[in-house]
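Reader: Could you take me carefully through one part of this model, the nonpolar core, and tell me what it is made of and where it lies?

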Amino acid sequence: MENENLLAIANEFGSPIYVYDSSKIISQYDRLSDAFKKVKRLKLNYAVKALSNIAVLKLMNSLGAGLDTVSVQEVELGLKAGVKPSNIVFTPNGVSLEEIEEVSALGVQINIDNLSILEQFGTKHPNVPVCIRMNPHVMAGGNSKISVGHIDSKFGISIHQIPHILRIVENTGMRINGIHMHTGSDILDIEVFLRACEILFETAMNFKNLDFIDFGSGFKVPYKLGDIETNIEEFGSKMTKRFNSFCKEYGKELTLGFEPGKFLVSEAGYFLAKVNVIKQTTSTVFAGIDSGFNHFIRPMFYNSHHEIINISNPKGKERFYSVVGYICETDTFATNRRISEINEGDTIAFKNTGAYCFSMSSNYNSRYRPAEVLWHEGKAHLIRKRETFEDLTKNQVDIDVFSKVVETT
Ligand SMILES: *Cc1c(COP(=O)(O)O)cnc(C)c1O
């Protein structure tokens, strides 16, 4: 997308606003598929929690992707988008047996990540095939907030508990049709990931009726110049070779599954905000925008770096700014960042904001959540309206019990 396209969208639909470029989502999907084109049965399930707008789910469905979901509500969004239940996997953590049963009754593949629920579900529904989420005890990335396959993680069933899994399977007569792992959102080292895959292959040999092995996700995208990016092509070629030889060992052609979120949508996203005020202090120049961590929390929550461009003045002389929000908390998007000269009223764009940005937004400070636009084949489509005051109040119950108003002077 060009700066002019973004600027036109901000002018037409207002700010702050999220914009997603469908062609980037499509090219990322194709890139991942291509890297694994020598696998006979490949299934890419898009992780809905990264960006859950129904238009995006429809786009994924049109590409042939399935969905990876973590709540019954995400499943319902997928069904509303027209995705077949058989194309949806439910991979929750810490949800109730009732919610798992509700999703299973819809015909969605269940993935269970603890022994207690596995035993209860298997006892009640021995005929429903179930996938098991394993914890391979591997630290795939360096950031403990997004690395979830290590020993202290709450996710998955430990590989050291396989004997207990097997006992439950035998006692209940349930069928395990898939094995799963997800090591986190930050694969830095392909070799470490491949080691975790070996652990999963070893685990898989314990189960005779598998249809698929799901290796989760964690493909990294570059956030700034010089950032490490998972080399998908190299990874694909190494993993394909190993997976195909494993299928021979196993004696059956299994489906290889991944559940990318960030990889598919992150780079497609732009977050546009308007600069309300330029404030010089004794130590820096602040650019204060019409947004905050209520709309875009990744910089504060994960310390993530997002490139910023002044799309109103892209060729201006570069100066240093600290970009902050309008929330009554410290909501710093960037410190001491070189950006082309900003004037009050300019629109700036944060790059790489397709994943875990809108989906983590809130109404803190009683602000409306932003609008969303999908840029598709050269046209801007509004896919979510900006909220209104009605949205803020519609579920509040106005109780009429305070009869007296004390006047103070
Ligand atoms: C969040 C999540 C994903 C997606 O992770 P990304 O880093 O966005 O690719 C995949 N699988 C599971 C189980 C998840 O919880």
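Author: What follows is a close look at the nonpolar core. The model is predicted, so local features need pLDDT of at least 70 and side-chain atom pairs count only at pLDDT 80 or more, whereas totals for chains, interfaces and linings use all residues. Residues are numbered from 1 along each chain as its sequence is written, and side-chain values use heavy atoms, with hydrogens and water left out.

A nonpolar core is here a set of buried Ala, Val, Leu, Ile, Met, Phe, Trp, Tyr and Cys residues joined through side-chain atoms within 4.5 Å, where buried means under 20% relative accessible area, exposed over 50% and partly exposed in between, with a 1.4 Å probe and protein chains only. The largest such core holds 101 residues, and the members that touch the most others are Tyr46, Phe215, Phe258, Val265 and Val323. The element that gives the most to this core is helix 8 (residues 190–204), with 9 residues; helices are DSSP runs of H or I, at least four residues, numbered from the N terminus. Because domain 1 (22–263) and domain 2 (266–384) both give residues to the core, it lies between them, the domain bounds coming from an automatic or database domain assignment.

Val265 deserves a separate word: leaving aside neighbours within four places in sequence, Val265 is in contact with Ile25, Tyr46, Ala50, Leu51, Val56, Met60, Gly354 and Ala355, contact meaning heavy atoms within 4.5 Å. There is also a second, separate core of 12 residues, which includes Leu6, Val19, Leu272 and Trp375.

How values were computed:
Helices (H or I, at least four residues) and strands (E, at least two) are DSSP runs, numbered from the N terminus.
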